[in-house]
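Reader: I'd like a close look at a single part of this fold, taken slowly and in plain words. Could you walk me through it once the structure is up?

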Amino acid sequence: MSTPFVSRYGPWAVVAGASEGLGAAFAEALAARGMNLLLLARRAELLAEVKERLSVTTTVEVRTAACDLAQADLAVVLEGLTRDLEVGLAIYNAAYAPIGPVLSRSTDELLRVIDVNVRGPLVFARTLAPAMVARGRGGIALMSSLAGFQGAPRIATYAASKAFNIVLGEGLWSELSPAGVDVLVSCAGAIRTPGYARSSIKGDAPGTLDASVVAEKTLNSLGRGPTVVPGATNQLARFFLGRLLPRRAAIAIMAKNTKDLS
Ligand SMILES: NC(=O)c1ccc[n+]([C@@H]2O[C@H](COP(=O)([O-])OP(=O)(O)OC[C@H]3O[C@@H](n4cnc5c(N)ncnc54)[C@H](OP(=O)(O)O)[C@@H]3O)[C@@H](O)[C@H]2O)c1
């Protein structure tokens, strides 16, 4: 299927962190747009289920590969998996978010946040962007969070990693736009995903969106970077937290929200 989206970002998209939640929603939204997919995550059986679901509703080609995005040789693994593919879109969605005060988590756990949420997207973009630049077209989307705009107690390292994605994405957006590659950072508020359900004690926070809505909004915002905040309530929150309130007040509001995470 050749659509304007496939001409601009196709024929292949790689989604890193695609076995459930938002990553699986990205896979469904991209398949519906006619994109062939390489889906990455650790749990092979869940990836196979996503692939099976897509085979019922679409005719796109879907490959899956079980891999840990925190692994030291990620660049080599990605090069091997994409050697015979024309990858026009790269979405880094995976994240690790251990909950609790920094001092309650081991140094190894905190460093794993850096491996999955910081090193992972950096290696991912650095590895997949050159072919897009050579072709003069393509897109890279990094998943970030409203938590990335200020300090957030009980998810301090995760929030800092999401700040890295915002700033990295903004810089890449400026560097790669002239080469025809659209870079976008999607700064989501709460999303209804298995990961969010596992960590939220109180259920949906205000402004919580379905994963399919966040995926669509993000894909529709490619080319309108460097950042997007899906959802009107979340845009309002971003305005108050990031622009109107003093930083100390914004951190205090984040503390109220994150106390319900476990
Ligand atoms: N959910 C929210 O409320 C929310 C809010 C703001 C921002 N976000 C951001 O949106 C993105 C998706 O959120 P989500 O709730 O869908 O996340 P999630 O439920 O935790 O799912 C993350 C996906 O990444 C994969 N993954 C995690 N660690 C991996 C690793 N080391 N190697 C390979 N794959 C890995 C998981 O699959 P495997 O376990 O099979 O590897 C899964 O498919 C994240 O970047 C998150 O920070 C989410």
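How many of the residues in strand 6 (residues 181–188) are buried? Start there and then work outwards, please.

Author: Happy to. Keep in mind that this is a predicted model. In strand 6, 8 of its 8 residues are buried, so the strand is mostly covered.

Let's take the two faces of strand 6. V181, V183, V185 and C187 point one way, while D182, L184, S186 and A188 point the other way. Both sets are buried. That back-and-forth fits a general pattern: in a regular strand the side chains alternate between the two faces of the sheet.

Now for the neighbours. On one side there's strand 5 (residues 138–145), which runs parallel to strand 6 and is joined to it by 8 bridges. If you want a spot to put your cursor, D182 in strand 6 is the bridge partner of G139. To get from strand 5 to strand 6, the chain passes through helix 6 (residues 156–176), and this β-α-β crossover is right-handed.

On the way to that helix, have a look at R154, which is found in the loop between strand 5 and helix 6. Its phi is near 80°, a positive value in a residue other than glycine. R154 also counts as buried, because 20 other C-beta atoms lie within 10 Å and 20 or more is what it takes.

Strand 6 also pairs with strand 9 (residues 227–228), again in the parallel sense, this time over 2 bridges. Here S186 has V228 as its bridge partner. Just ahead of strand 9, P226 sits in the loop between helix 8 and strand 9. The peptide bond from G225 to P226 is cis, with omega near 15°. There's another cis peptide bond from G10 to P11, with omega near 0°; P11 belongs to the loop between helix 1 (4–9) and strand 1 (12–16).

Helix 8 (residues 211–220) deserves a glance too. This helix lies across strand 5, strand 6 and strand 9, and it runs at about 150° to strand 6.

Zoom out and you can place strand 6 in the whole sheet. The sheet is open, with 7 strands in the order 3-2-1-4-5-6-9, and the pairing is parallel. Strand 3 (62–66) and strand 9 are at the edges with a single partner strand each, so one side of each has no neighbour in the sheet. Moving from strand 6 past strand 5, you come to strand 4 (residues 87–92), which runs parallel to strand 5 and is joined to it by 4 bridges. There L89 stands opposite G139, the residue we met as the partner of D182.

Strand 5 has a further role in the picture, as it's one of the elements that give two or more residues to the shell around the ligand. Helix 2 (21–32) and helix 7 (194–199) are the others. There are 28 residues around the ligand, and G17, G21, R42, R43 and G195 come nearest. By type, the shell divides into 16 nonpolar, 8 polar and 4 charged residues.

For a contrast with buried strand 6, try E49 in helix 3 (residues 44–57). E49 counts as partly exposed because it has 15 C-beta neighbours inside 10 Å. From E49 to L142 you cover 93 residues in sequence and 24 Å in space, C-alpha to C-alpha.

Notes
Residues numbered from 1 in each chain as written. Predicted model: local features only at pLDDT ≥ 70, side-chain atom pairs only at ≥ 80, totals over all residues. Buried ≥ 20, exposed ≤ 12 C-beta atoms within 10 Å, placed from the backbone. Pairing = 2+ DSSP bridges. Right-handed = clockwise from strand over helix to strand, strands pointing away. Near = placed C-beta within 6 Å. Nonpolar A, V, L, I, M, F, W, Y, C, P; charged D, E, K, R; others polar. Contact = placed C-beta atoms within 7 Å. Axes fitted to C-alpha atoms, helices over the stretch in contact; angles between N-to-C directions.
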